[in-house]
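Please read the following report with the sequence and the coordinates at hand. It moves from one residue to the whole chain and then to the aromatic rings.

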Amino acid sequence: MSRTPREVFADHGERLGTGDLDLISRNYTEDAVFVTPEGVLTGRAGVREGIGRLLADLPDADWRLTPRFAGNVLFLQWTATTATHEVTDGVDTFVFRNGLVSAQTVRYTLTPRTTPTV
């Protein structure tokens, strides 16, 4: 039985928390596309590369997510804060197929925190 987009996204969040890029990429189709302002990454290897960059930019982040589902599409607005950086304008789009993510767009601006945590 195929998972719903909400189930896939919930599982995706749990996997992101592990930092294990191989585990995370298994929630994507083998032919997935991962689109960023820098270009298009393809397949699970591309997903690992793209998510690896995101996690490197935002280690141990405090995430705030606002998901909006419409059938097999998720529009996600998000913010994230680390000890040294923050993102206030994160936007992703996920497209789901057969219980996996088949496409994702990611866009955010990484800025130094004006008030570092102690």
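Leaving aside its neighbours within four places in sequence, which residues is Val-87 in contact with? In this predicted model, the contacts of Val-87 outside that window are Leu-58, Trp-78, Thr-79, Ala-80, Tyr-108, Thr-109 and Leu-110. Val-87 itself has its place in strand E5, and with a relative accessibility of 1% it counts as buried, because the cut-off for that term is under 20% relative accessible area. Thr-29, by comparison, lies 58 residues from Val-87 along the chain, and the C-alpha atoms of the two are separated by 28 Å.

**The chain as a whole**

The protein contains three helices and seven strands, and read from the N terminus the elements follow the order α-α-β-β-α-β-β-β-β-β. For 118 residues a compact globule would be expected to have a radius of gyration near 13 Å, and the 14 Å of the protein agrees with that expectation. The C-alpha trace spans about 45 × 25 × 25 Å along its principal axes. Of the 118 residues, 34% count as buried, while the surface that the protein exposes comes to about 6,700 Å², of which carbon and sulfur atoms supply 54%. When contacts with a separation of 6 or more are considered, 42% of them are accounted for by residues 24 or more positions apart. As for charge, the protein has 12 positive and 15 negative charges, and the mean positions of these two sets are 4 Å apart.

**Aromatic pairs**

The structure holds five aromatic pairs. One of them is formed by Phe-9 and Phe-94, whose arrangement is edge-to-face, with 5.6 Å from centre to centre and 70 degrees between the planes. Since Phe-9 belongs to helix H1 (residues 5-18) and Phe-94 to strand E5 (residues 85-97), this pair ties together parts that are 85 residues apart in sequence. Another pair is made by the rings of Trp-63 and Trp-78, with centres 5.2 Å apart and planes at 55 degrees, so the pair is classed as tilted. Here the partners come from strand E3 (residues 62-70), which holds Trp-63, and strand E4 (residues 73-81), which holds Trp-78, so the parts tied together are 15 residues apart in sequence.

The burial of these four ring-bearing residues is set out below.

| Residue | Relative accessible area | Class |
|---|---|---|
| Phe-9 | 14% | buried |
| Phe-94 | 1% | buried |
| Trp-63 | 30% | partly exposed |
| Trp-78 | 4% | buried |

Trp-63 is thus listed as partly exposed at 30%, whereas its ring partner Trp-78 is buried at 4%. Trp-78 also appears among the contacts of Val-87. Beyond the separate pairs, ring pairs link Phe-9, Phe-69, Phe-94 and Phe-96 into a cluster.

**A buried serine**

Where in the fold is Ser-25 found? Ser-25 is located in helix H2, which covers residues 21-25, and at 2% relative accessibility this serine counts as buried. With the neighbours within four places in sequence left aside, Ser-25 is in contact with Arg-44, Val-47 and Arg-48.

Methods: Residues are numbered from 1 along each chain as its sequence is written. This is a predicted model: local features need pLDDT of at least 70, side-chain atom pairs count only at pLDDT 80 or more; totals for chains, interfaces and linings use all residues. Side-chain values use heavy atoms; hydrogens and water are left out. Helices (H or I, at least four residues) and strands (E, at least two) are DSSP runs, numbered from the N terminus. The radius of gyration is taken over C-alpha atoms; the globule rule is 2.2 Å times the number of residues to the power 0.38. Buried means under 20% relative accessible area, exposed over 50%, partly exposed in between (1.4 Å probe, protein chains only). Contact means heavy atoms within 4.5 Å. Accessible areas come from the Shrake-Rupley method with a 1.4 Å probe; for residues, only the protein chains shown count as cover. Lys and Arg count as positive and Asp and Glu as negative; His and the chain ends are not counted. The place of a charge is taken as NZ of Lys, CZ of Arg, CG of Asp or CD of Glu. Rings of Phe, Tyr and Trp (its six-membered ring) pair if their centres lie within 6.5 Å; planes under 30 degrees apart count as stacked, over 60 as edge-to-face and the rest as tilted.
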